[in-house]
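User: Please examine the model shown here and justify each structural term as it is applied.

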Amino acid sequence: MQHELILAGGGSGTADYLLPAAKKALESADCVIASERFLSLLEVKKARPMGNISQLLQELPELLETERIGIVVSGDPLLYSLCRTIQNRYPELEMQVIPGVGSLQLLGAAFGLTMEQAEIRSIHGRECSPGTIAYAVSEHAETFFFCSGTQGPREIAQSLLAYGLADTEIFVGADLTYPTQQLWHGTPEQAAQRPNPKLCVAAVRNPHPKPTARLGLLPDSAFLRNRSPMTKEEVRAVVLSKLRLKPDAVVWDLGAGTGSVSIECARMCPFGTVYAVEYKPAALEILEKNKAFFQTENLQSIPGRAEEQIGSLPVPDCVFLGGSDGAAPELIEHLCQLKQPVRLVASAVTLETQAELFPLLQKLPQFEVIQLAVSCGRPVGNYHILESNHSVLLFSCMTKE
């Protein structure tokens, strides 16, 4: 019979912020797993240092076969902590969760920052682009951040300055509730010059939050052209819809051609970055001209074959595979091996490409395939007829759940 797991928030790690409800529940456990600072505050039957989290998660079902286990985490287990990780890994596990007073609440209390409408983000142990940081701050009056030594207030400040958010105010708290506690607030310019505290949280107050504007789509006639291929505007509109773009998305356009999809993605992701990979010189030339014409500075053209370049690119949120020249199996395998789930949209005009893509994608999550057959009217004397473009299959999926 499997015993219940107790998951408790230990707060800041000082006696004043370890809640009585957590102490009472943990004292009933057969074994409590926690860091030394929390174990020193508890009277328990049996204690075990926290150690490696991945190893603990792997051993958890076996431990619960014989004992009632208590785990103590810092702050609140419901917020960027172990609760969701355990639920995702062991959805049937019976678990008692006891919340704690987290560091973001302590920071808010120190500076009088309320949290009713706050955005909460973690840049601790997570890849987070400057655009993602700035995007969060731009749309919210208050944004709270869990930080690390390598991604902290200094990097937040640099991101705000890069995206024109210098009129914001940054609040920083380190070693909260300890004798070594540090509190500081100032402008992004000031914060960008300061070293990051080792353990800290931060908040940004934006006096002028506003939603990010979404631009309308461009017609084919807006783009500069040469003989390089271009995704037609009707197909392009569906591709952009299927990509499910967000303003801070990292996008790969593989086989970018003229760059029409890349340009549209760059316009729709003002806080993101688009990497347009293309190996044909004529296509690269017109791609660069379109980039300059539309002033999409967040678009980077990457010369070379996609299968040779993607290993050096940042992990994407979305990928459009417009042309692979036979490298589709290698490209899709690479995407599926990434830890982060990726939204993938691929187009196929020829029967050979359609036959290649279908077996590669059909078993992936959220798989869809649609056929687009667009006919455009053209005059013939006093009349008009519909002239068909090539039929296109669009495949869309996620690389993992």
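**Terms and their grounds**

Analyst: Apart from neighbours within four places in sequence, F358 is in contact with F367 and F395, where contact means heavy atoms within 4.5 Å. This is a predicted model, in which local features need pLDDT of at least 70 and side-chain atom pairs count only at pLDDT 80 or more, while totals for chains, interfaces and linings use all residues. Residues are numbered from 1 along each chain as its sequence is written, and side-chain values use heavy atoms, with hydrogens and water left out.

User: Where is F358 placed, and why is F358 called partly exposed?

Analyst: F358 belongs to helix α14 (residues 351-361); helices (H or I, at least four residues) and strands (E, at least two) are DSSP runs, numbered from the N terminus. The relative accessible area of F358 is 37%. Buried means under 20%, exposed over 50%, and partly exposed in between (1.4 Å probe, protein chains only), so F358 is partly exposed. The C-alpha atoms of F358 and T231 are separated by 20 Å, with the two positions 127 residues apart along the chain.

User: What makes α13 roughly parallel to α14?

Analyst: Two packed helices are described by the angle between their axes and the distance between the axes. The axes of helix α13 (residues 328-337) and α14 come within 10 Å and cross at roughly 25°. Axes are lines fitted to C-alpha atoms, for helices over the stretch in contact, and angles run from 0 to 180 degrees between N-to-C directions. Angles under 35 degrees count as roughly parallel, over 145 as roughly antiparallel, 65 to 115 as roughly perpendicular and the rest as oblique; α13 is therefore roughly parallel to α14.

User: Which residues of α13 and α14 meet?

Analyst: A328, P329 and I332 in α13 meet E356, L357, L360 and L361 in α14. By class, this contact of α13 with α14 has six nonpolar, no polar and one charged residues. Here Ala, Val, Leu, Ile, Met, Phe, Trp, Tyr, Cys and Pro count as nonpolar, Asp, Glu, Lys and Arg as charged, and the others, Gly among them, as polar.

User: Why are α3 and α4 called oblique to each other?

Analyst: The axes of α3 and helix α4 (residues 82-89) are 11 Å apart, and the packing angle is about 40°. That angle falls in none of the named ranges, so α3 and α4 are oblique. I53, S54, L57, Q58 and L60 in α3 meet L82, T85, I86 and R89 in α4. The classes in this contact of α3 with α4 are five nonpolar, three polar and one charged residues.

User: How do you know that E59 and R48 form a salt bridge?

Analyst: A salt bridge is a side-chain nitrogen of Lys or Arg within 4 Å of a carboxyl oxygen of Asp or Glu. The N to O distance for E59 and R48 is 2.8 Å, so the pair qualifies. This pair links distant parts of the chain, with E59 in helix α3 (residues 53-64) and R48 in strand β3 (residues 47-49), 11 residues apart. A search of the whole structure finds 12 salt bridges.

User: Is E155 buried or exposed?

Analyst: E155 has a relative accessible area of 16% and is therefore buried. Its salt-bridge partner R154, at 3.3 Å from N to O, is partly exposed at 28%.

User: Which residues form a network with R305?

Analyst: R305 forms a salt bridge with E307, the closest N and O atoms being 2.7 Å apart. Salt bridges that share partners join R305, E307 and D325 into one network.
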